[in-house]
Amino acid sequence: MNLSAHSTVTNDHPDITVVGAGIIGVACALQLARQGLRVVVVDQQPPGHGASFGNAGHLATEQVFPIADLSILMRLPAMLLDPKGPLRLDWRYLPKALPWFIKLLANLRPEPFQRSVAGLRALNEGSLHAWQRLLNSIAHPHLLREEGSLLVFERSESRTAIEALQLRMLQQGVPVDLWESRAVRNSAPQLSQRIRGGLYFPATGQFIDPYRVVEELVRACQAAGVHFLRRQVQNAHLTISGVSLLTDQGTFNSSKVLIACGAHSAALTEALSGCKVPLETERGYHLMLPHEHERLPFPVTSFERKFIMTPMSEGLRLAGTVEFAGLERAPNMQRAWQLHHLSKGLFNEDLSPVNASPWMGFRPSLPDSLPVIDSCCDGKVLLAFGHQHLGLTQAAYTAELIARLNAYPHALKQPELALLRAFRLARF
C-alpha cells in the first residue's frame, strides 16, 4: 500500500480533523470514525513517516518511571561534551533547552515525581489490552508478539542497582522476574557469556513491523470513511461553528480538531487554547540491521549501554539513543552508527552492519514525562500529544480515551476522570 497517495476531501464540513498522521493520530481517527463521525486526517508527511516509522517497536508497559531522575545533574557535563553518548544535549541548543530542563528538575521533587509515576503506570497498565482490542478489531493480532522483554546487565557491580530496580518495579505492580545468566542464555543463546543476568518483563510485547501497524490502521480508517490530506497546518483559530485551519493549500473548516502531531503540537495548541505548552523534542536514532533475523527472541535492553535491540520482520533494530538539539538541526547519523559499536561484545559473534540503514525522528516530551490527553475550548479542541518515547506503547489506549472524551465528556465515570486528571492541559 502506498501511503503517500492520500485521498482528497470534499468541501463538506468534517466533524473532526485530526492533525497528525502518526500512530496516535491514526489510531484516534479510527476510533472517532467508529463513532459515526466524518473524520479527516491532515499531515505534511505520509502516515507513519514521522517518529512512528522508526521507534524501537517495544510495547514498553514496564517503563513507569519518568525519563530522568536526579542523577541527570551529575550526567550534564557528559551530555554536553560527548557527542556519541546515550543521552546528549547539544551545547548550541542549551540556551533554548534550559527552561525545559529547569522544569524537568522541578518535576523530580517527590510529590510531582510520584504523580508522574502514577500517570505513567495508569496508561501503561491499560495499554497492552487496548492494543489487543485494536488489532483484533482490524483482524491483525499477529502484528503484536507478547513474549516479554529482557533488561540485561554485564558487570557484577550492576547487580545491586538491578535488584533495586526490580523492587521499585514490583512496588508499582509491574510484573518482573530476576533471571540469572543461565536463564538468559537458555532463552537467548546468542547473547555473550559476559551477560550476568537480567530482569525479564513478561507483560510486555513487541511489534514485528511498527510501520506495518500504521499501514493496517490506515486501511481500516479508509474503510471507515476517513479521508487523508497531505497538507501542512500552519495556523488555526476558533469560529462560531468550530475551528478554521490555515494550511499551505488554503483554509478549511471543521467542527472539531484533534491535535496529535507529536513534537510539532505546541504552536497549534497555543494558537487555539492560549496555553503555552513546554514541549521539547527527544531526537531518537535507530540502526536497522537487515541481515540479523535470528539473534534474539524478544527485545533486549542493555542496562549499562543504554540501548535496546528489537527483532523485527526486516531484521534487528538497535535504538534508544536520545539527543536534545531541537527540530531544526540536521541529524547526526554518527549517533545511529554508534549503536552498532555499542552492540559489540553483547553477542557470541558481532552483529553484521552490512546494508544497515540509520534513521532519526522527533519524540515529543513534556517535563513531567506525561502526555496531554484532554478536551478544551468547549469541546472544539481535543489533544493527544507529548507521549515521549512511549507513543507506540500508549497509542491504542490514548485513542480509546480520546473517543470517550469526544463522545461522553460530561458522562465520564469517576475512575476515568481520575485517570485523565493527570493529563490535563491546565497543569501548565
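These exercises, each with a worked solution, explore one predicted model.

Residues are numbered from 1 along each chain as its sequence is written. In this predicted model, local features need pLDDT of at least 70, side-chain atom pairs count only at pLDDT 80 or more, totals for chains, interfaces and linings use all residues, and side-chain values use heavy atoms, leaving out hydrogens and water.

**Exercise 1. Placing T281**

Task: Find the strand that holds T281, decide whether T281 is buried or exposed, and list its contacts beyond four places in sequence.

Solution:
- Start with the strand. T281 lies in β15, residues 280-289. Helices (H or I, at least four residues) and strands (E, at least two) are DSSP runs, numbered from the N terminus.
- Next, accessibility. Buried means under 20% relative accessible area, exposed over 50%, and partly exposed in between, with a 1.4 Å probe and protein chains only. T281 has 3%, so T281 is buried.
- Last, contacts, meaning heavy atoms within 4.5 Å. Leaving aside neighbours within four places in sequence, T281 touches A263, E323, F324, G326, L327, F362 and R363.

**Exercise 2. A three-strand sheet**

Task: Give the strand order of the open sheet of three strands, and explain why β3 and β5 count as edges.

Solution:
- The order is β3-β9-β5, and the pairing is antiparallel.
- β3 (58-59) and β5 (144-145) each have a single partner strand, so one side of each has no neighbour in the sheet.
- Two strands pair if DSSP finds at least two bridges between them. β5 and β9 (residues 205-207) pair over two bridges.
- For one of these strands, take L144: its bridge partner in β9 is F207.

**Exercise 3. Three salt bridges**

Task: State how many salt bridges there are, then work through E111 with R115, E180 with R159 and R283 with E323.

Solution:
- Side chains of opposite charge can pair when their charged atoms come close. The rule here asks for a side-chain nitrogen of Lys or Arg within 4 Å of a carboxyl oxygen of Asp or Glu. The count comes to 19 salt bridges.
- Take E111 and R115. Their closest N and O atoms are 3.3 Å apart. Both sit in helix α5 (residues 110-137), four residues apart, so about one helical turn separates them. E111 is exposed at 59%. R115 is partly exposed at 48%.
- Take E180 and R159. The closest N and O atoms are 2.9 Å apart. This pair links distant parts of the chain: E180 is in strand β7 (residues 177-180) and R159 in helix α6 (residues 159-171), 21 residues apart. E180 is partly exposed at 40%, and R159 is partly exposed at 25%.
- Take R283 and E323. The closest N and O atoms are 2.8 Å apart. R283 is in β15 and E323 in β18 (residues 315-324), 40 residues apart. R283 is buried at 0%, and E323 is buried at 2%. Shared partners join R88, D90, R92, R283, E323 and R329 into one network.

**Exercise 4. Cysteines without a bond**

Task: State how many disulfides a search finds, and explain why C261 and C275 form none.

Solution:
- A disulfide is a pair of cysteine sulfur atoms within 2.5 Å. The whole structure has zero.
- For C261, the closest cysteine sulfur is in C28, 12 Å away, so the gap is too far for a bond. C261 is buried at 18%.
- For C275, the closest cysteine sulfur is in C376, 8.5 Å away, which is also too far. C275 is buried at 15%.

**Exercise 5. Cores**

Task: Name the residues that touch the most other members of the largest nonpolar core, and find which element gives the most to that core.

Solution:
- A nonpolar core is a set of buried Ala, Val, Leu, Ile, Met, Phe, Trp, Tyr and Cys residues joined through side-chain atoms within 4.5 Å.
- The largest core has 55 residues; I23, W131, L217, L258 and I402 touch the most other members.
- Elements giving two or more residues include α1 (23-33), α5 and α11 (391-407). α1 gives the most, with nine residues.
- Look at W131. Beyond four places in sequence, its contacts include I23, L59, L144, F207 and L217.
- A second, separate core has 25 residues, among them V233, A236, V243 and I259.
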